[in-house]
Every structure is written in structure tokens, then in C-alpha cells.
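Dear colleague,

I am handing over the structure below, and after it I set out what was found there. Please read the notes with the coordinates open beside you.

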Amino acid sequence: MKILLTGGAGFIGSHTAVALIENGFEPIIVDDFRNSEPFVIENIEKIVGKKITSYASNIGNKKEVKEILQKENPIGVIHFAADKAVNESVVNPMKYYQNNVLNLINFLEIIDSIKIESFVFSSSCTVYGVPDKTPVKETASIKPAFSPYGYTKQVGERILNDFFKSLPSSSLTLLRYFNPIGAHPSGLIGELPIGVPSNLVPYITQTAIGKRKKLTVFGKDYDTPDGTCIRDYIHVVDLANAHVSALEKGLKSKDSIKTLNVGTGKGASVLDVITAFEKVSKQELNYGFGPRRAGDVPKIYSDNTLIKNELDWDAKFSLEDCLEHSWNWEKNLLKFKYKSEKKQD
Ligand code: WQD
């Protein structure tokens, strides 16, 4: 069974392509490679030992994507295609409204040219803003978005809910990711930050390998046990498997609309992550403390009861596993030249 992955050459998409093949599906990747590299496709093929179909196309190109849909006729879609850098969205909001909202609408306007039975959407815990309490449940009130990026995920969820309400025999699953980290244990695919990473873990591994001089911890005066922010860090392979489970469940229950948190249900502070990294890498990390970063939520981690019950899924990798795989990937990246190398500071 063919499953279309928009943005499927990206960090989460590439790992989901591997998980789909391991579960007997055939992923069809459509990606404009703005945040990825052709070698990612080759490395997915090395992991799974077979060729995969991919198209270099922007999902906003209705003519091209309609031709791909009609040629491949997938029964499911996993929609990853979006920009996801919170701070960039503040500086360049129109890029985010264009890609994350308008291109989603363009894609939905042509999707009725085929029969999609199960649609999975990449959403984010960012939709919660600053939660009233943690762990945060799917029923928590949705606060005003903290950034244009977070707003595009809130709008995307609403558009999809309204669109799929009118499609009785198609299911929709909205997956609210917490903090995806780690890399495939093979060391062949992982995160490809373009330029200076804004996310914590790639910044840690780039500091450890010498690409960055020092990690700055943004704030040590939060109302948390060690004063640093708390997040729910989930291994990208666990996250990929959650997509396969959501897709399969959607194929069985053809008219459902579900919203599910995808997290470990455990919180870890920035200092917890640094300590775990130093343990797995067996080296001290060069870091110091700086002022808080605008827009940071002090504490957020998931209540993952619903996904456990609905999909019989649970996170298997520990924080240390995540950091061991991220560190292995950073060391392997030295072998792969990629565009963001040109944008290093
Ligand atoms: C984590 C913690 C920082 C860098 C974002 C998006 C979210 C999702 C994941 C897409 C925070 C601290 C970071 C650094 C630091 N993306 N930090 N020094 O902001 O929780 O979530 O990425 O869905 O939508 O919002 O992740 O990794 O940027 O930050 O101290 O150099 O690490 O302050 O407390 P975040 P992050």
C-alpha cells in the first residue's frame, strides 16, 4: 500500500519512511529539499535495502502534485511539509503562512482527485502555548500561539478538522509532537540543521564536535528544580513508529478524527540533557548560562495516556539512547557534505 509523505526527506519524514517500509508499506516521498539533501534518500535506501520513489516537488505546486497523486494513487498521506523554526517564523512570518498554511490548502484542494483513507498531520505541542498545568492533555485549552509557527499549527489543525468532517470515509489523525531528538541507530539519517541550530540537542552535538565554541543555556532562573526549562524529549524513531500506528489505525477506522500527544510523558531539564550527553559521550561539554530566550515555555511535557490507549504505542528509547544516537549521527555527518555547511557561522 502506497503512502504519500509530503516533506518526507526531512528529519521526521525520513525516519517515518524507514518505519513504513519495515511495516510493509511503500512510502512515496514528495519534498522540495529546502531542508534536506538528496543523500538522505540514498541513505534511507541503504537502511531498508531497497529503492524508494521520491519526487523533488513543492506541495504548493498543484499541477505537479496532482500528477504525482494520480500516478501513484496512495491510500494514505502523512503531511510533514512545513517550516518549523520558531525564531525564524518571528522574523519571517509570511514564509510560514505561505508554506504551512497556504500550501496545506493548495494540497487539500487537489487531494480529492484520489481516495485518501487515512491522513496523518504533523502538529506540535507548540499549539498549547504556556499550559496551565503539566503534564498537558489533548483537552487542555489552546492558548494564543506564542509564534507565527505555532499559529500555523493551530490553523492547520482547524483547517484539517473542517476539511475531513465533510469526508465521511477518510480518517484524520493530528499528532502533536513534543521535542523530537535523536537519530536512526544506523547513523545514516538524522537531523540536518541549516546554519546555526536553534534547537538544543543539535547545538550540543555541534559544540561537542567543535563546530560551535560553547553552548549557552538560555536562563537558569525558571521555576523548575534546577532553574532551566523542562521539555519532553522523544526519540525520532519512536515518533516515526507513532506515525505508522496512527496511519494503520486510520485505515481501520475510516471516519475518525483524532488528536494525540506524541511524547514520553516525562520531563527533562536542559541540565538533565547536558548531564545525559556528557555521560554517553564520555566528554565534558563546554557550556555557560545566558539570559532567557524570548518565547520559551518554562515547562511542558506530555500526558501520553491517550496515544497509549488508542494506538497501543509507547516510547521505547531513553533520553540517553536519544543523545547517544544524536552524537553518533553528528560524528557521521563529517562524511556527508551538505548545504548548511556553507551557511556555518
Ligand atoms: C529546548 C530547550 C531552550 C538551544 C522547538 C519548537 C517545537 C519543536 C521543537 C517543531 C529550551 C533551551 C535551546 C540553546 C538552550 N519543533 N536551549 N540553548 O523551543 O522547546 O521547541 O523545537 O515542532 O515546536 O518550538 O526546542 O530545542 O529549541 O529548546 O538553552 O542553544 O533548550 O531555551 O528551554 P523548543 P529547543
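In which strand does G76 lie? This is a predicted model, and in it G76 belongs to strand β4, which covers residues 76-79. G76 counts as buried because its relative accessibility is 0%, and the cut-off for buried is under 20%. Leaving out residues up to four places away in sequence, G76 touches K2, I3, L4, I116, S118 and L247. Its C-alpha atom is separated by 15 Å from that of A19, a residue 57 places away along the chain.

One of the residues touched by G76, namely K2, also takes part in a salt bridge, and that brings me to the charged pairs. Searching the whole structure gives 21 salt bridges, of which I describe a few.

The side chain of K2 meets that of E72 in a salt bridge, with 2.7 Å from N to O. This pair links distant parts of the chain, since K2 sits in strand β1 (residues 2-6) and E72 in helix α3 (residues 62-72), 70 residues apart. As for accessibility, E72 is buried, with a relative accessible area of 7%, whereas K2 is partly exposed, with a relative accessible area of 24%.

A salt bridge also joins K143 and D132, again with 2.7 Å from N to O. Both residues lie in the loop between β5 (118-124) and α6 (148-165), and they are eleven residues apart. D132 is exposed, with a relative accessible area of 65%, while K143 is partly exposed at 23%.

The pair of K211 and E330 is a further salt bridge, in which the closest N and O atoms are 3.3 Å apart. Here, too, distant parts of the chain are linked: K211 is in the loop between α7 (200-209) and β8 (215-218), E330 is in helix α11 (residues 319-333), and 119 residues separate them. E330 counts as buried, with a relative accessibility of 4%, and K211 counts as partly exposed, with a relative accessibility of 24%. Beyond these pairs, D32, R34 and D83 are joined into one network by salt bridges that share partners.

I turn next to helix packing, beginning with α3, the helix that holds E72. How do α3 and α5 pack, and at what angle? The angle between α3 and helix α5 (residues 93-111) is about 45°, and their axes are 10 Å apart. At that angle α3 is oblique to α5, and the crossing in which α3 passes α5 is right-handed. On the α3 side the contact is made by K62, V65, K66 and L69, and on the α5 side by N106, F107, E109, I110 and I111. By class, the residues of the contact of α3 with α5 are five nonpolar, one polar and three charged.

The other packing to report involves α11, the helix that holds E330. Helix α9 (residues 270-281) packs with α11 at an angle of about 60°, the axes being 9 Å apart, and α9 is therefore oblique to α11. The crossing of α9 and α11 is right-handed. From α9 the contact draws on D272, V273, A276, F277, K279, V280 and S281, and from α11 on L319, E320, L323, E324 and W327. The residues of the contact of α9 with α11 divide into seven nonpolar, one polar and four charged.

Last, a residue of α9 that may reward a look is L271. Is L271 buried or exposed? With a relative accessibility of 15%, L271 counts as buried, because the cut-off for buried is under 20%. Apart from its neighbours within four places in sequence, L271 is in contact with K220, D226, T228, Y287 and F289. Between L271 and C229 the C-alpha to C-alpha distance is 8.7 Å, and the two residues are 42 apart in sequence.

With best regards

Note on methods. Residues numbered from 1 in each chain as written. Predicted model: local features only at pLDDT ≥ 70, side-chain atom pairs only at ≥ 80, totals over all residues. Heavy atoms only, no water. Salt bridge = Lys/Arg side-chain N within 4 Å of Asp/Glu carboxyl O. Helix = DSSP H or I, 4+ residues; strand = E, 2+ residues; numbered from the N terminus. Buried < 20%, exposed > 50% of the residue type's maximum accessible area, 1.4 Å probe, protein only. Axes fitted to C-alpha atoms, helices over the stretch in contact; angles between N-to-C directions. Parallel < 35°, antiparallel > 145°, perpendicular 65-115°, else oblique. Left-handed = near helix turned anticlockwise from the far one by under 90°. Contact = heavy atoms within 4.5 Å. Nonpolar A, V, L, I, M, F, W, Y, C, P; charged D, E, K, R; others polar.
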